[in-house]
Amino acid sequence: MSCIRSTFVRLAPNHVSIAAPAALSAVYGHSSKALKSQFYDTFVTFKPGLFSATSRTVHTRKRRIMSHIELCGQWDELCKIAVEGDKEGIIGTTPWKTENGRVWFNCVSWLNYFTFDTIGELAFGEQLGMVRAGRDSMKVVKSLEAGMNAYDTSMTHKLEMDEIPAIATLAKRTEIIIVLAYLPAYWRPLALRLPVFAEGVPTLRSDTVSMSASATIYYVSRDRRRSTTYKHLPYLEAVINEGLRLYSAVGGGLPRVVPEGGLTVLGHTFKEGSVLSVPSFSVHRDPSIWGDAQGFSPFSLGPRACIGRNLAMLELFVIIATVYHRYDCVITPGQKLMAHDGFVRKALGCTIGIKRRHSA
């Protein structure tokens with residue numbers, strides 16, 4: 001089956017996707033007057049947040065407001081077991097097995113736990129405890145009313161708590177909501193009557209850091225020729241950027257509305273009200289671009305770029321540097337990195353085998 005590649009692809013009557021690096025600045029750059037489209041309305045719960053705010057004024061105000069890891073402890077203990085012989089077991093809900101001096105497990109689960117614990121520490125002052133427990137679990141108050149009444153009092157320790165699978169809950173039906181987002185606005189009230197939306201539309205949350213870190217570990221561990229200088233990591237940033245490029249956690253284009261007066265991209269003029277987007281996955285994989293650094297945009301560009309990109313890069317630096325400084329990592333021969341495509345490409349699993357480095 002042959003594949004026809006085109007720079008301009010019409011996704012909808014009023015939506016054109018442009019797979020070219022020159023379109024990035026024109027559509028998303030600081031000088032662009034293009035605003036977010038109605039695509040983002042489906043992500044609003046009670047009122048627009050930082051991600052879903054389409055007003056530039058509202059977005060700017062919200063942006064100003066928001067402007068040695070425990071993971072190693074668990075992995076170190078598993079490495080000690082691996083030295084003792086071939087065994088298998090489970091920590092929380094996360095299985096592992098040892099074979100030939102290595103411990104094997106799905107790193108996607110562990111990195112999900114780590115990134116959620118990190119967000120918990122930043123947001124609430126303490127980790128959620130997922131890495132420690134080895135499972136997707138977060139404590140929440142059973143009664144919202146009781147929780148609000150106890151706020152800023154000394155009674156919080158008496159609240160009844162429950163545990164929920166936070167990662168699974170926040171990721172629930174994200175592939176459905178993205179379909180809703182691409183529908184014309186006048187179709188959405190009808191679509192919301194479908195049984196799949198009977199419990200309401202969830203707010204989209206998905207962790208791109210753990211997916212990108214898992215993918216980077218997969219690519220680096222697959223190519224063992226590049227695994228000899230991890231102690232000093234002179235190419236750490238290049239390795240992380242290449243992982244972000246190859247995986248492209250958010251692979252689709254983020255829609256923008258052409259402003260008054262129209263917008264010209266690559267010699268094509270689009271009238272006011274048209275919707276444009278630039279698909280990251282296509283641009284990151286275009287053989288005519290690489291290596292053209294202008295086509296690299298893992299966190300988008302301009303004033304609407306990902307607010308968490310600095311935190312994301314910090315987490316990726318810590319994860320990749322720590323893992324490869326501390327452990328010798330391999331993957332099972334012939335393993336493919338499979339992903340479920342949606343708004344965020346979700347890695348379905350990455351089984352790695354690790355053992356401690358003697359110099360770590």
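Which residue forms a salt bridge with Glu-84, and how far apart are the closest N and O atoms? The partner is Lys-87, and the closest N and O atoms of the pair are 2.8 Å apart, where a salt bridge is taken as a side-chain nitrogen of Lys or Arg within 4 Å of a carboxyl oxygen of Asp or Glu. The model is a predicted one, in which local features need pLDDT of at least 70 and side-chain atom pairs count only at pLDDT 80 or more, while totals for chains, interfaces and linings use all residues. Residues are numbered from 1 along each chain as its sequence is written, and side-chain values use heavy atoms, with hydrogens and water left out.

**Confidence**

- The mean pLDDT of the protein, that is, the predictor's confidence in each residue on a scale from 0 to 100, is 79, and 76% of the residues score at least 70.
- Among the elements, which are DSSP runs numbered from the N terminus (helices: H or I, at least four residues; strands: E, at least two), helix α2 (residues 56-66) has the lowest mean pLDDT at 49, whereas β6 has the highest at 95.
- Over residues 61-68 the pLDDT is below 50, and beyond near neighbours in sequence this stretch has twelve contacts in the model, a contact being heavy atoms within 4.5 Å.
- Residues 201-206 also have a pLDDT below 50, with 20 contacts in the model beyond near neighbours in sequence.
- Where pLDDT is low, the predicted coordinates should not be read in detail.

**Salt bridges**

- The structure holds nine salt bridges; as a general point, side chains of opposite charge can pair when their charged atoms come close.
- In the pair named at the start, Glu-84 is exposed at 55% relative accessibility, while Lys-87 is partly exposed at 39%; the classes are buried for under 20% relative accessible area, exposed for over 50%, and partly exposed in between (1.4 Å probe, protein chains only).
- Arg-102 and Asp-328 meet through their side chains in a salt bridge, with an N to O distance of 2.4 Å.
- Because Arg-102 lies in strand β6 (residues 102-106) and Asp-328 in strand β13 (residues 327-331), this pair ties together parts that are 226 residues apart in sequence, and both Arg-102 and Asp-328 are buried.
- Arg-245 forms a salt bridge with Glu-242, the closest N and O atoms being 2.9 Å apart, and both residues lie in helix α11 (residues 236-247), three residues apart, about one turn of the helix.
- Of these two, Arg-245 is buried with a relative accessible area of 12%, whereas Glu-242 is partly exposed with 32%.
- Asp-76, Arg-326 and Arg-356 are joined into one network by salt bridges that share partners.

**Helix α13**

- The 18 residues of helix α13 (residues 309-326) should span 26 Å at 1.5 Å a residue, and the end C-alpha atoms are 25 Å apart, which agrees; the expected span is 1.5 Å times one less than the number of residues.
- Buried residues of α13 include Met-313, Glu-315, Tyr-324 and Arg-326.
- The buried residues of α13 pack against α3 (70-84), α4 (107-124), α10 (208-222), α11, β13 and β16 (351-356).

**Loop residues**

- Gln-127, in the loop between α4 and α5 (130-133), is partly exposed with a relative accessible area of 29%.
- Leaving aside neighbours within four places in sequence, Gln-127 is in contact with Glu-70, Asp-117, Glu-121 and Arg-132.
- Asn-100 has a positive phi of about 55° although it is not a glycine; Asn-100 sits in the loop between β5 (94-99) and β6 and is exposed at 68% relative accessibility.
- Ser-248, likewise not a glycine, has a positive phi near 50°; Ser-248 is found in the loop between α11 and β9 (256-257) and is buried with a relative accessible area of 3%.

**Cysteines**

- The structure holds zero disulfides, a disulfide being a pair of cysteine sulfur atoms within 2.5 Å.
- Cys-107 is in no disulfide, and the nearest cysteine sulfur, that of Cys-350, is 3.9 Å away, which is too far for a bond.
- Cys-107 is buried at 0% relative accessibility, and Cys-350 is buried with a relative accessible area of 0%.
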